Amino acid sequence: MKKSLLILSAFIAVHAPAQSTHAIKVSHASQYEDFIEIGIEMDKPMSKFELIGLDTMTVASPRNSVLKENKDYPLNYNYNNGRGFVRRYNIPDKKVKTVHITGIISYFTPSEANGSYIDLGTLKNIQRNTNLVGKKISEKNQDLYFSIINAEMFHKVFPDFKYKSDADKDYRKPDFESFDIMYAYRYNNKQKLLFFINDDPDPGYNNLSVRDKKTGIIYKLVRLKKNMPQSERDQIKVELMIENEKSVRKIPFELKDVAIQSK
């Protein structure tokens, strides 16, 4: 399966309230062996204070047959600080050459002023094993959760946890000293949250993620840097963004006669 992508020239001017107008375009629309992939781009700064998420997107054939979204492949369904996102769809029974795309983008601008941004400070000073979302927010939405955790908390939730770092290695317990930061989070479609660790929404390498089936909370152990000293770990910066009505603007878009390229 070829991986080259063709940048298409489908543009639309999006009419947003007041002072800003954002151009939205199709970055690629490609049919592979198992799915059709649609990439959407928005003209915006790449900033942690200007985030985009896809609220809805409908892809239909010229005969108004709606394509079914394919969720067999891992994709990010939360906000991101880039300019685009990708969705994949099942290949319809009848071949389609063009599609009509409509949807709504959520434009999230977190700030302290609108109550959607929390600067948690540096790792050394952050309380462990407690919900850092804050009482005022968590009382209204108890599913929201973000916590910096330690090894004791991980052991409490997963007392017998072992894993393989490579397929040819034996199962073993996590070496907590090899990770630079450990955290846990949960959100829902009603209200999303995301976090930046040293200005990165998905930091590190050799990361370990485990989901607690009882609570739905995801526990993540992250290595940011090889042989990071404790003094540097202490200065890891953590920021939390939690959407609310004041901070999210809905931007509708429509893209007509988008050509599907076979790969």
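# Exercises on a predicted single-chain model

The chain exposes about 15100 Å², and carbon and sulfur atoms supply 47% of that area. The model treated in these exercises is a predicted one.

## Exercise 1. Global description

Task: State what share of the residues is buried, what the chain spans, and where the mean positions of the charges lie relative to each other.

Solution.
- Step 1. The chain has 263 residues, of which 46% count as buried; the cut-off for this class is a relative accessible area under 20%.
- Step 2. The C-alpha trace spans about 55 × 50 × 35 Å along its principal axes.
- Step 3. There are 42 positive and 33 negative charges, and their mean positions are 2 Å apart.
- Step 4. Among contacts with a separation of 6 or more, 70% involve residues 24 or more positions apart.
- Step 5. The secondary structure consists of three helices and 15 strands.

## Exercise 2. The sheet containing β6

Task: Give the strand order of the open sheet that contains β6, and explain why β4 and β14 each have a side without a neighbour.

Solution.
- Step 1. The order is β4-β6-β14, with antiparallel pairing.
- Step 2. β4 (51-60) and β14 (248-259) are at the edges; each has a single partner strand, so one side of each has no neighbour in the sheet.
- Step 3. From one strand to the next, the twist averages 20°.
- Step 4. Strand β6 (residues 98-108) is joined to β14 by 10 bridges, and the two run antiparallel.
- Step 5. A specific pair can be located here: Phe-108 has Val-248 of β14 as its bridge partner.

In general, strands of a sheet pair through backbone hydrogen bonds, in either a parallel or an antiparallel manner.

## Exercise 3. The sheet containing β13

Task: Determine the strand order of the open sheet that contains β13, and describe the pairing of β13 with β10.

Solution.
- Step 1. Three strands form this sheet in the order β7-β13-β10, and their pairing is antiparallel.
- Step 2. The edges are taken by β7 (117-122) and β10; each has a single partner strand, so each leaves one side without a neighbour in the sheet.
- Step 3. Ignoring direction, neighbouring strands of this sheet are turned by 15° against each other on average.
- Step 4. β10 pairs with strand β13 (residues 237-242) over five bridges in the antiparallel sense.
- Step 5. Within this pairing, the bridge partner of Ile-197 in β13 is Val-238.

## Exercise 4. Two asparagines with positive phi

Task: Locate Asn-198 and Asn-206, and decide whether Asn-198 is exposed or partly exposed and how Asn-206 is classed.

Solution.
- Step 1. Asn-198 is not a glycine, yet its phi is positive, at about 50°.
- Step 2. Asn-198 lies in the loop between β10 (193-197) and β11 (205-211).
- Step 3. With a relative accessible area of 39%, Asn-198 is partly exposed.
- Step 4. Asn-206 likewise has a positive phi of about 50° without being a glycine.
- Step 5. Asn-206 belongs to strand β11.
- Step 6. Asn-206 counts as exposed because its relative accessibility is 53%, and the class requires over 50%.

## Exercise 5. The surroundings of Ser-65

Task: Place Ser-65 in the chain, class its exposure, and name the residues it touches.

Solution.
- Step 1. Ser-65 is in the loop between β4 and β5 (84-89).
- Step 2. Its relative accessible area is 41%, so Ser-65 is partly exposed.
- Step 3. Leaving aside residues up to four places away in sequence, Ser-65 touches Val-59 and Ala-60.
- Step 4. Ser-65 and Ala-113 are separated by 48 residues in sequence and, C-alpha to C-alpha, by 44 Å in space.

How values were computed: Residues numbered from 1 in each chain as written. Predicted model: local features only at pLDDT ≥ 70, side-chain atom pairs only at ≥ 80, totals over all residues. Heavy atoms only, no water. Helix = DSSP H or I, 4+ residues; strand = E, 2+ residues; numbered from the N terminus. Buried < 20%, exposed > 50% of the residue type's maximum accessible area, 1.4 Å probe, protein only. Contact = heavy atoms within 4.5 Å. Areas by Shrake-Rupley, 256 points an atom, 1.4 Å probe, with all protein chains shown as cover. Lys, Arg positive; Asp, Glu negative; His and termini not counted. Charge placed at Lys NZ, Arg CZ, Asp CG, Glu CD. Pairing = 2+ DSSP bridges. Axes fitted to C-alpha atoms, helices over the stretch in contact; angles between N-to-C directions.
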